Amino acid sequence: KAAKKYKLDRLENSEHLVKLSRENVAKIEFILTIDSNYNGDDKPKKNKKGEEVFDGSSTYWLEKMKEVVIEKKPVKKAEYKKIVERVVTSLDRENSTHLETDGVGCAELTRRICEMKQSDLVMDLYSGGYELYERLAEKTHPNKSDKIGRKNLSFASKFCHYACYAFFTDEKRDNYSIADSVIKRMIPIYMNYFGMEEPSKKALDDYQVFQKCVNKLIAKSNNEISRNGFDHLIWYCYKGQNWKPAYAEYKHRKSR
């Protein structure tokens with residue numbers, strides 16, 4: 001009974017849609033700080049034999065990348081490439097974006113980042129541009145005939161998002177929403193609730209359309225929440241099978 005007072009608030013006349021509010025976001029942010037899936041160790045680790053058993057978190061490697069691209073620490077090209085590669089592989093591992101399905105994803109995306117002039121990369125992220133995103137989202141080119149190239153749209157958004165959080169300290173940290181299947185599934189449901197035109201699944205594959213939908217929902221909520229807060233709230237509440245009751249409610253609402 002005592003736990004009920006900590007429940008997330010729901011939208012009016014909805015049993016399953018959580019309210020887009022600062023209070024709900026704050027509750028989820030606290031949960032994330034004590035969830036062992038999201039607050040593990042950052043630094044690379046070796047066993048007693050000197051063998052690497054953990055190659056480091058994205059947080060650790062993005063800080064290393066920040067030292068180079070923001071703080072201008074001089075490093076050789078090979079060292080910078082290694083840092084970028086570790087950022088890519090750790091983000092891929094932590095977010096299950098399956099870059100290696102085509103056999104070349106991590107290497108090819110690492111190369112694309114390294115080919116971009118560091119000052120241009122920083123300026124693009126700081127301005128909320130889409131040059132880096134488009135580079136990362138472009139279809140890959142596998143070496144083997146039995147592999148198919150992939151457009152890594154979700155990874156591209158996550159790289160831009162987490163890079164901004166690592167590199168900047170002002171509101172520019174919040175330039176990019178995370179575009180994944182959970183958020184994409186819930187956007188039309190929320191837009192329907194607010195009486196807004198629902199985007200198609202295909203339309204949401206366009207990242208700029210996706211971002212505009214997120215912005216509209218945040219504005220419609222009349223609450224000052226960040227894109228990051230929106231992402232965390234919706235993702236944590238509706239991952240796994242949690243989206244199904246909300247979807248059933250949405251279908252019932254549409255049929256009336």
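Let's start at a pocket, the second largest one in this predicted model: by class, four of the residues lining it are nonpolar, one is polar and six are charged. Which residues are they? The lining is made up of Val68, Lys73, Val75, Lys76, Lys77, Tyr80, Lys81, Arg111, Cys114, Glu115 and Gln118. Two elements, helix 3 (77-95) and helix 4 (105-115), each give two or more residues to that lining. As for the space inside, the second largest pocket holds about 150 Å³. How can you find empty space in a set of atoms at all? Rolling a probe the size of a water molecule over the atoms shows where such space is left.

Now step back and take in the whole chain. The protein has 11 helices and two strands. If you read along the sequence, you meet them in the pattern α-β-β-α-α-α-α-α-α-α-α-α-α. So where do the strands come? Both follow the opening helix, and the rest of the pattern is helices.

How is all this packed? The C-alpha atoms fill a box of roughly 60 × 45 × 35 Å along the principal axes. A compact globule of 256 residues would have a radius of gyration near 18 Å, and the protein has 20 Å, so the two agree. Of those 256 residues, 44% count as buried. Look at who touches whom, too: among contacts between residues at least 6 apart in sequence, 61% join residues at least 24 apart.

Let's go back to helix 3, where you'll find Arg93. Is Arg93 buried, exposed or something in between? Its relative accessible area is 38%, and because that lies between the 20% and 50% cut-offs, Arg93 counts as partly exposed. Leaving out residues up to four places away in sequence, Arg93 touches Phe54, Asp55, Gly56 and Ser57. With Asp55 there is also a polar contact, side chain to side chain, at 2.8 Å. Asn192 is another story: it is 99 residues from Arg93 along the chain, and their C-alpha atoms are separated by 34 Å.

Move on to the loop between helix 3 and helix 4, and you come to Ser96. This residue has a positive phi of about 50°, although it is not a glycine. Ser96 is partly exposed, with a relative accessible area of 47%. Asn222 is also a non-glycine with a positive phi, this time about 60°. You'll find Asn222 in the loop between helix 9 (207-221) and helix 10 (227-238). With a relative accessible area of 70%, Asn222 is exposed.

For a buried residue, turn to His161 in helix 7. Why does His161 count as buried? Its relative accessibility is 1%, and buried means under 20%. What does His161 touch, once residues up to four places away in sequence are left out? Its partners are Arg173, Tyr176, Ile178, Asn228 and Asp231. With Asn228, the side chain of His161 makes a polar contact of 3.2 Å.

Our last stop is Lys144, in the loop between helix 6 (131-137) and helix 7 (153-167). Lys144 counts as exposed because its relative accessibility is 58%, and the cut-off for exposed is over 50%. From Lys144 to Ile187 is 43 residues in sequence, and in space their C-alpha atoms are 37 Å apart.

Terms used. Residues numbered from 1 in each chain as written. Predicted model: local features only at pLDDT ≥ 70, side-chain atom pairs only at ≥ 80, totals over all residues. Heavy atoms only, no water. Helix = DSSP H or I, 4+ residues; strand = E, 2+ residues; numbered from the N terminus. Buried < 20%, exposed > 50% of the residue type's maximum accessible area, 1.4 Å probe, protein only. 1 Å grid on protein atoms, 1.4 Å probe; cavity = no way out; pocket = protein on both sides within 12 Å on 5 of 7 lines; lining within 4 Å. Points joined across faces, edges and corners; volume = space filled by probe spheres on them. Nonpolar A, V, L, I, M, F, W, Y, C, P; charged D, E, K, R; others polar. Polar contact = N/O pair within 3.5 Å; in protein donor to acceptor, adjacent residues only side chain to side chain. Contact = heavy atoms within 4.5 Å. Rg over C-alpha atoms; globule rule 2.2 N^0.38 Å.
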